[in-house]
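Q: I'm new to this structure and would love a close look at one part of it: the empty spaces inside the protein and the place where the ligand sits. Could you walk me through them?

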Amino acid sequence: MPATPAWPPKSLPRLFVRAQLNEGVLIDLDSGQANYLGNVMRLGEGAELLTFDGATGEWLARIVAAGKKRMTLSIERRTREPEEVPDVWLAFAPVKRTQTDWLVEKATELGVAKLLPVKTQRTIAERVKLERLESITIEAAEQCGRTRLPTIEEPIPLAQLLRQSERTIYFADESGGERAASAFKPGPATLLTGPEGGFTDEERSAIRALPYAVPVSLGPRILRAETAALAALAAYMAVAGDWR
Ligand code: SAM
């Protein structure tokens, strides 16, 4: 006897909307979203989809009006409560644009709570465009089933990050540190990874001098900056996050 398929089926398209969702609310989509649902997903009046607003969870919605560039959804009922992700921030030195986009997409999928671009002495990246990075988190959240978006902060200097003493800073240091498996502990955590050129000795000693900084090794090989950021996040989730 085939198993009764879960309802709503996981295959329903998911859409992030910038409006407070609630039962019975009507949502007018912007032309980009209307085009996506109507012409890409080929959905019309009566079709169902999942929506989320980043705050109140996930909701089943039905298309009640559809035109060339406009579409109206009726919000029917909540299908999932807002997600609770571990309180883990990823403080990364931005790299080249494509790699930074990739890092942001994957970190969203991995469940990061906050993304914090950090300016270090050897950071050579172009200007970080928050709007573009936010649209990347939205697409990744729609695809991986998240109901909240990670927050993305304006880039800050390393010195400013190091003054945030209320959180443990797990410092990915290729020159050596504690093994990830024993280093990571549940609780407010900031994972810090460096730029392509690495941290300077001055930066490394300033970080290591902090009582709330824990140097962590991500294995015997020198990882690219974006790989190190995601390896640290995945290891944290496995050891101290919501993969346990
Ligand atoms: N400075 C290094 C060099 O050129 O020899 C490489 C820097 S590495 C490309 C970029 C960042 O990734 C480092 O600053 C560090 O934060 C992190 N990283 C890379 N491999 C690592 C490892 N095996 N253990 C811990 N962190 C690592």
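A: Strand S10 (168-172) and strand S12 (189-193) each give at least two residues to the lining of the largest cavity. Keep in mind as you look that this is a predicted model. A search of the whole structure turns up 1 cavity of 30 Å³ or more, and the volume of the largest cavity is about 50 Å³. Around the largest cavity you will find Tyr170, Phe171, Ala172, Phe184, Leu191, Leu192, Thr193, Val216, Leu218 and Ala232. By class, 9 of these lining residues are nonpolar and 1 is polar, with no charged residues.

Hold on to two of those names, Ala172 and Leu218, and turn to the ligand. Both residues appear again there: of the 19 residues around the ligand, Ala172, Leu218, Gly219, Arg221 and Leu223 come nearest. Strand S13 (213-217) and helix H7 (225-240) each provide at least two residues of the shell around the ligand. Sorted by class, that shell holds 9 nonpolar, 6 polar and 4 charged residues.

Now for the individual contacts. At Ala172, a backbone N or O atom lies 2.7 Å from an oxygen atom of the ligand. Gly219 also uses its backbone, with an N or O atom 2.9 Å from a nitrogen atom of the ligand. Glu174 takes part through its side chain, where an N or O atom is 3.0 Å from a nitrogen atom of the ligand. As for how much of the ligand is covered, the protein hides 84% of the 570 Å² of accessible area that the ligand has on its own.

Where does this place belong among the pockets? The space taken by the ligand is the second largest pocket, and that pocket has a volume of about 280 Å³. It is lined by 18 residues, and the closest to its centre are Ala172, Glu174, Ile222, Leu223 and Ala228. Its lining is made up of 8 nonpolar, 5 polar and 5 charged residues. So far, then, Ala172 has come up as a residue of the cavity lining, as one of those nearest the ligand, and as one of those closest to the centre of the second largest pocket.

Finally, let's visit the largest pocket, with about 370 Å³ of space. It has 20 lining residues, and Leu15, Phe16, Gln33, Ile138 and Glu142 lie nearest its centre. Strand S1 (14-16), strand S2 (26-28), helix H1 (31-40) and helix H3 (130-144) each contribute at least two residues to this lining. Helix H3 has the largest share, with 4 residues. By class, the lining of the largest pocket has 10 nonpolar, 3 polar and 7 charged residues.

Terms used
Residues are numbered from 1 along each chain as its sequence is written. This is a predicted model: local features need pLDDT of at least 70, side-chain atom pairs count only at pLDDT 80 or more; totals for chains, interfaces and linings use all residues. Side-chain values use heavy atoms; hydrogens and water are left out. A residue is near a molecule or strand if one of its heavy atoms lies within 4 Å of it. A polar contact is a pair of N or O atoms within 3.5 Å; within protein, one must be able to donate a hydrogen and the other to accept it, and residues adjacent in sequence count only if both atoms are side-chain atoms. Accessible areas come from the Shrake-Rupley method with a 1.4 Å probe; for residues, only the protein chains shown count as cover. On a 1 Å grid over the protein atoms alone, a cavity is a set of points where a 1.4 Å probe fits but cannot get out, and a pocket is an open set with protein on both sides within 12 Å along at least five of seven lines; lining residues have an atom within 4 Å of a point. A molecule sits in a cavity or pocket if more than half of its atoms lie within 2 Å of its grid points. Ala, Val, Leu, Ile, Met, Phe, Trp, Tyr, Cys and Pro count as nonpolar, Asp, Glu, Lys and Arg as charged, and the others, Gly among them, as polar. Grid points are joined across faces, edges and corners, and a volume is the space filled by probe spheres set on the points.
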